[in-house]
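Have a look at the sequence and the model below, and keep them open while you read. The report starts with confidence and overall make-up, then turns to the sheets and to a few individual residues.

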Amino acid sequence: MPKNYLYTILFFLCLSTSTVLAQENKQQPKAQENTIEGLNFYPNPVTNGKIYISSKSNDDKQITIFDVLGKKVLQILLTSKELNVASLSPGVYFIKIEEGDSNATRKLIVR
């Protein structure tokens, strides 16, 4: 009987220790992306095959567009404000815009 008592105490001791460790192992906050100041792109949804992308600094932008499965469907260095997306099929995409050390990712709908 004393042996069973000892095993019971050890079991609860291990259980309480693992619970405490699990509670202390909190997720670290995500690194915040360095967003592009004054970023604006329109129209969204795209109906005419062109979108216009501007920001406060108006530097060249590296544009990457992904489909919903994460496949890269378009990548271009944009030196003006106008981007032609007429080659994209209608659907939902994600557009990643990089300007200098800043970047932003947004949802893009093509009709």
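## Confidence

This is a predicted model, and its mean pLDDT is 84. Of the residues in the protein, 70% reach 70 or more. Confidence is not spread evenly: helix 1 (residues 2-24) has the lowest mean, 58, while strand 3 has the highest, 98. Please keep the value for helix 1 in mind when you look at that part of the model.

## Overall make-up

The protein holds one helix and seven strands. Followed along the sequence, they give the pattern α-β-β-β-β-β-β-β. The chain has 111 residues, and 24% of them count as buried.

The accessible surface comes to about 8,300 Å², with 54% of it belonging to carbon and sulfur atoms. As for contacts between residues at least 6 apart in sequence, 51% join residues at least 24 apart.

## The three-strand sheet

One open sheet is built from three strands in the order 1-2-5, with antiparallel pairing. Strand 1 (40-42) and strand 5 (82-84) are at its edges; each has a single partner strand, so one side of each has no neighbour in the sheet. On average, neighbouring strands here are turned by 20° against each other, direction ignored.

Strand 2 (residues 50-54) pairs with strand 5 in the antiparallel sense, over three bridges. If you would like a residue pair to find on screen, try Ile51, whose bridge partner in strand 5 is Leu83.

## The four-strand sheet

A further open sheet has four strands in the order 4-3-6-7, and the pairing is antiparallel. Strand 4 and strand 7 (102-110) are the edge strands, each pairing on one side only. Neighbouring strands of this sheet are turned by 20° against each other on average, with direction ignored.

Strand 3 and strand 4 (residues 72-78) run antiparallel and are joined by six bridges. Their hairpin has four residues between the strands, and Gly70 takes a positive phi near 90° in this hairpin. Strand 6 (residues 91-99) pairs with strand 7, again in the antiparallel sense, over nine bridges. Within that pairing, Ala104 of strand 7 is the bridge partner of Ile97.

## Lys61 and its surroundings

Is Lys61 buried or exposed? Lys61, which belongs to strand 3 (residues 61-67), has a relative accessibility of 3% and therefore counts as buried, the cut-off for buried being under 20%.

What does the side chain of Lys61 make a polar contact with? The partner is the side chain of Ser55, at 3.4 Å. In strand 4, the bridge partner of Lys61 is Leu78. Leaving out residues up to four places away in sequence, Lys61 touches Ile53, Ser54, Ser55, Ile76, Leu77, Leu78, Ile97, Glu98 and Glu99.

## Leu77 in strand 4

Leu77 sits in strand 4. Its relative accessible area is 49%, so Leu77 is partly exposed; a residue counts as exposed over 50%. Not counting residues up to four places away in sequence, Leu77 touches Asp60, Lys61 and Gln62. Between Leu77 and Thr64, which are 13 residues apart in sequence, the C-alpha to C-alpha distance is 8.8 Å.

## Backbone details in the loops

Most residues other than glycine have a negative phi, and most peptide bonds are trans. With that in mind, the loop between strand 1 and strand 2 deserves a look, as Pro43 is found there and so is Pro45. The peptide bond from Tyr42 to Pro43 is cis, with omega near -10°. Asn44 and Pro45 are also joined by a cis peptide bond, where omega is about 20°.

Which residue has a positive phi of about 55° although it is not a glycine? That residue is Asn58, placed in the loop between strand 2 and strand 3. Asn58 has a relative accessible area of 42% and is partly exposed.

Definitions and conventions. Residues numbered from 1 in each chain as written. Predicted model: local features only at pLDDT ≥ 70, side-chain atom pairs only at ≥ 80, totals over all residues. Heavy atoms only, no water. Pairing = 2+ DSSP bridges. Helix = DSSP H or I, 4+ residues; strand = E, 2+ residues; numbered from the N terminus. Axes fitted to C-alpha atoms, helices over the stretch in contact; angles between N-to-C directions. Buried < 20%, exposed > 50% of the residue type's maximum accessible area, 1.4 Å probe, protein only. Polar contact = N/O pair within 3.5 Å; in protein donor to acceptor, adjacent residues only side chain to side chain. Contact = heavy atoms within 4.5 Å. pLDDT = per-residue confidence, 0-100. Areas by Shrake-Rupley, 256 points an atom, 1.4 Å probe, with all protein chains shown as cover.
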